[in-house]
Amino acid sequence: MTSEGPYDVRVGRFDDLDARTAYLLWQLREAVFVVEQACPYPELDGRDLEPGTRHVWAVEDRRPIGYLRVLEEDGHARIGRVLVARPHRGRGIAARLMAEALEIVGSRPSRLDAQSYLARWYTRFGYLQDGPEFVEDGIPHVPMRRP
């Protein structure tokens with residue numbers, strides 16, 4: 001666990017999560033991706049359970065306020081589900097979560113699919129566009145890689 005500001009950043013595998021934490025993380029993901037962004041899709045996709053998956057989240061006052069996950073895929077890592085709860089945006093939480101994710105990834109190549117309006121933000125972490133824009137769940141995305 002790392003501390004920075006009034007929140008803590010935590011990292012764990014699925015088996016490291018207690019029931020309350022898992023519930024609150026999935027609730028946060030649903031609130032942002034399914035409700036706020038109006039994307040009705042199967043948010044619980046089974047990948048959270050994989051042994052190589054790392055959950056990275058920011059917690060303040062015992063509640064998660066930001067999240068991302070790092071997956072293992074065919075010789076590279078994949079960062080996804082990057083989010084910060086609306087009342088906590090603009091505090092640098094997503095950048096702190098990305099820094100933690102890149103510690104996990106290390107020197108391995110990694111990929112992510114950025115919502116198009118955030119693609120430039122991801123370049124600060126060394127990501128480059130790696131293909132044409134595409135639409136997923138009604139939202140334009142850009143595939144990105146970090147060598």
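Helices and strands here are DSSP runs, with at least four residues for a helix and at least two for a strand, numbered from the N terminus.

**View 1. The whole fold, three helices and nine strands.** This is a predicted model. Starting at the N terminus, the elements come in the order β-β-α-β-β-β-α-β-α-β-β-β. Along the principal axes, the C-alpha atoms take up a box of roughly 40 × 35 × 30 Å. The radius of gyration is 14 Å, which agrees with the value near 15 Å that a compact globule of 147 residues would have. Take the contacts between residues at least 6 apart in sequence: 59% of these link residues at least 24 apart.

**View 2. How far to trust the model, element by element.** The mean pLDDT of the protein is 93, and 97% of the residues reach at least 70. Which element has the lowest mean pLDDT? That is strand β1 (residues 2-4), with a mean of 44. At the other end of the scale sits strand β7 (residues 128-129), the highest of the elements at 98.

**View 3. Surface and charge.** Of the 147 residues, 46% are buried. About 8000 Å² of the protein is exposed, and 52% of that area comes from carbon and sulfur atoms. Counting charged side chains gives 21 positive and 23 negative ones. The centres of these two sets are 4 Å apart.

**View 4. H88, in the loop that leads from β5 to α2.** The flanking elements are β5 (76-84) and α2 (93-105). Is H88 buried or exposed? Its relative accessible area is 17%, so H88 is buried, the cut-off being under 20%. Leaving out residues up to four places away in sequence, H88 touches E60, I65 and I93.

**View 5. C39 and its partner D137 from far along the chain.** C39 sits in the loop between α1 (19-36) and β3 (54-60). With a relative accessibility of 4%, C39 counts as buried. What does C39 touch, if residues up to four places away in sequence are not counted? The list is F33, V34, D137 and I139. C39 and D137 are 98 residues apart in sequence, yet their C-alpha atoms are 5.7 Å apart in space.

D137 itself is found in the loop between β8 (134-136) and β9 (139-146). While C39 is buried, D137 is partly exposed, at 40% relative accessibility. The backbone deserves a look too: D137 is not a glycine, but has a positive phi of about 55°.

**View 6. D74, a loop residue with a positive phi.** D74 lies in the loop that joins β4 (63-73) to β5. Its phi is about 35°, although D74 is not a glycine. How much of D74 is accessible? The relative accessibility is 80%, so D74 counts as exposed, being over the 50% cut-off.

**View 7. A31 on helix α1, with D15 for scale.** A31 belongs to helix α1. Its relative accessible area is 37%, so A31 is partly exposed. How does A31 sit relative to D15? The two residues are 16 apart along the chain, and their C-alpha atoms are separated by 23 Å. For contrast, go back to C39 and D137: these are 98 residues apart in sequence, with 5.7 Å from C-alpha to C-alpha.

Terms used
Residues are numbered from 1 along each chain as its sequence is written. Side-chain values use heavy atoms; hydrogens and water are left out. The radius of gyration is taken over C-alpha atoms; the globule rule is 2.2 Å times the number of residues to the power 0.38. Buried means under 20% relative accessible area, exposed over 50%, partly exposed in between (1.4 Å probe, protein chains only). Contact means heavy atoms within 4.5 Å. Accessible areas come from the Shrake-Rupley method with a 1.4 Å probe; for residues, only the protein chains shown count as cover. Lys and Arg count as positive and Asp and Glu as negative; His and the chain ends are not counted. The place of a charge is taken as NZ of Lys, CZ of Arg, CG of Asp or CD of Glu. pLDDT is the predictor's confidence in each residue, from 0 to 100.
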